[in-house]
There are 2 protein chains.
Amino acid sequence: MVFKKVSRIKIPEATIRRLSLYDRCLEDFLKTGKKVVSSSDIARKCGTNPAQIRKDFAYFGEFGVRGVGYYVENLQGDIKRALGIDRSWNCALVGAGNLGFALLGTDSLAKRGFKISAIFEQDPILVEMGSFQDIPLFSMEEMTRVIPDFGIKIGIIAVNPENAVKVALRLVDAGVKGILNFTPSTIKVPSGVILKNVDFAIDLEGLAFQLNNQ
Amino acid sequence: MVFKKVSRIKIPEATIRRLSLYDRCLEDFLKTGKKVVSSSDIARKCGTNPAQIRKDFAYFGEFGVRGVGYYVENLQGDIKRALGIDRSWNCALVGAGNLGFALLGTDSLAKRGFKISAIFEQDPILVEMGSFQDIPLFSMEEMTRVIPDFGIKIGIIAVNPENAVKVALRLVDAGVKGILNFTPSTIKVPSGVILKNVDFAIDLEGLAFQLNNQ
């Protein structure tokens, strides 16, 4: 299967999110030793339907082999390549507070190829520690130097909301190309920089909606 | 505008997520004193397009007033009702670790109607504190009594991954109807209980995809 973006058609964000889910399902299939799967197999595991899966894959080119299905390992490789996670991404975590430590405490980001290679913090007492879990800790002022030096492309903002805008500006100035913003602050980025806001309330609202419509 | 679910058609999750975003945009319009908006106004603010907005709204019934647009306050009320956030939801936070404290440290959940009314924790030293920010802290064993007593319908799991499955079982036994799972553990819930998994890596993967396809 040739899994590449077939045209300049804008791929819906929901499709991208589902690709991430398919990838996780395929991981499970691999663990159980399954080598070939149908779109129905994937659909059952992911809680979606085969038509949706075929539609999502169609954005990237050809389908699996007719009458055979998808080779799990190949398909997973194709999805990872499409998502851009067939490589590892150096990330900077800005803010060593509760959320920052929660992110550092999980290996789920590293497992998916997102490596936190530097932490930036404004509290000088924390900065003096020098490192946390072998990840170097820097002051905010060192961003401009460290980000290009470490080849960091993604910045994760986990500071107090009132500092988020300033931090985002600094990250962009230092050469970051993508920002994941965990604060409720509205951040603006120049074109060429991608911003994603994480808002836990949105997940709870989705839950509330389903509870209301059962 | 009559904003109600018009049929038993399954509404896409992406539509629900966008409703949450529209609601936030309308909030901004209200703050600036704007009373009537067009779908183009909303689209510009939310970074989507008017056709998408009309399509999303169509799941819930009639459009705005032709030639006039949408009355911001009414539309926001309708969206909140559709999402089930025209009321407040009592939630239980399970796990007073870094992530738990990060959630407690933000008012963005409370602002959207999700009130953390009890915290459950397994560390007896923390439980002995009795409360945190005026929210009562209980041992895991007290879940069965406290959850119905407090009218809690939603459980937020922020414990160590290895305890997530056990916690989910306990929450469901105690009468919780919706679970937001922040751990990477795979949780299964009986029918009638809604589960949503939060996975920060999915947001990073969306970012990586866009960085790769600029």
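Author: In this predicted model, angles run from 0 to 180 degrees between N-to-C directions, along axes fitted to C-alpha atoms.

Reader: With that in mind, what makes the direction of helix α9 of chain B, relative to β7(B), close to one end of the range or the other?

Author: The angle between helix α9 (residues 164-174) of chain B and β7(B) is about 170°, and because the scale runs from 0 to 180 degrees between N-to-C directions, the two point in nearly opposite directions. The helix lies across β3, β7 and β8 of chain B.

Reader: What makes the sheet in chain B an open one, and which strands stand at its edges?

Author: Its seven strands follow the order β5-β6-β4-β3-β7-β8-β9, with mixed pairing. The edges are taken by β5 (131-132) and β9 (194-197) of chain B, each of which has a single partner strand, so that one side of each is left without a neighbour in the sheet. Helix α10 (residues 200-212) of chain A packs on this sheet, touching β3, β4, β7 (154-157), β8 (178-181) and β9 of chain B, and its direction makes about 160° with that of β9(B).

Reader: How do you know that β3 and β4 of chain B count as paired?

Author: Pairing requires at least two bridges between two strands, and six bridges join β3 (residues 89-94) to β4 (residues 114-121) of chain B, so the pair meets the criterion; the two strands run parallel. Within this pairing, V94(B) has F120(B) as its bridge partner in β4(B).

Reader: Why is F101(B) called buried, exposed or partly exposed?

Author: A residue is buried if 20 or more other C-beta atoms lie within 10 Å of its own, and F101(B), found in helix α5 (residues 98-104) of chain B, has 20 such neighbours, so it counts as buried. Leaving aside residues up to four places away in sequence, F101(B) touches N98(A) and A96(B).

Reader: How do you know that F101(B) touches a residue of the other chain, and how many residues of each chain take part in the contact between A and B?

Author: Contact requires C-beta atoms within 7 Å, and N98(A) is among the residues that F101(B) touches. Over both chains, 44 residues of chain A are in contact with 45 residues of chain B. The largest share of the side of chain A that touches chain B comes from α10(A), with 13 residues. By class, that side has 25 nonpolar, 10 polar and nine charged residues.

Technical notes: Residues are numbered from 1 along each chain as its sequence is written. Chains are lettered from A and ligands numbered from 1 in the order in which they are written. This is a predicted model: local features need pLDDT of at least 70, side-chain atom pairs count only at pLDDT 80 or more; totals for chains, interfaces and linings use all residues. Helices (H or I, at least four residues) and strands (E, at least two) are DSSP runs, numbered from the N terminus. Ala, Val, Leu, Ile, Met, Phe, Trp, Tyr, Cys and Pro count as nonpolar, Asp, Glu, Lys and Arg as charged, and the others, Gly among them, as polar. A residue is buried if 20 or more other C-beta atoms lie within 10 Å of its own, exposed if 12 or fewer, and partly exposed in between; C-beta atoms are placed from the backbone.
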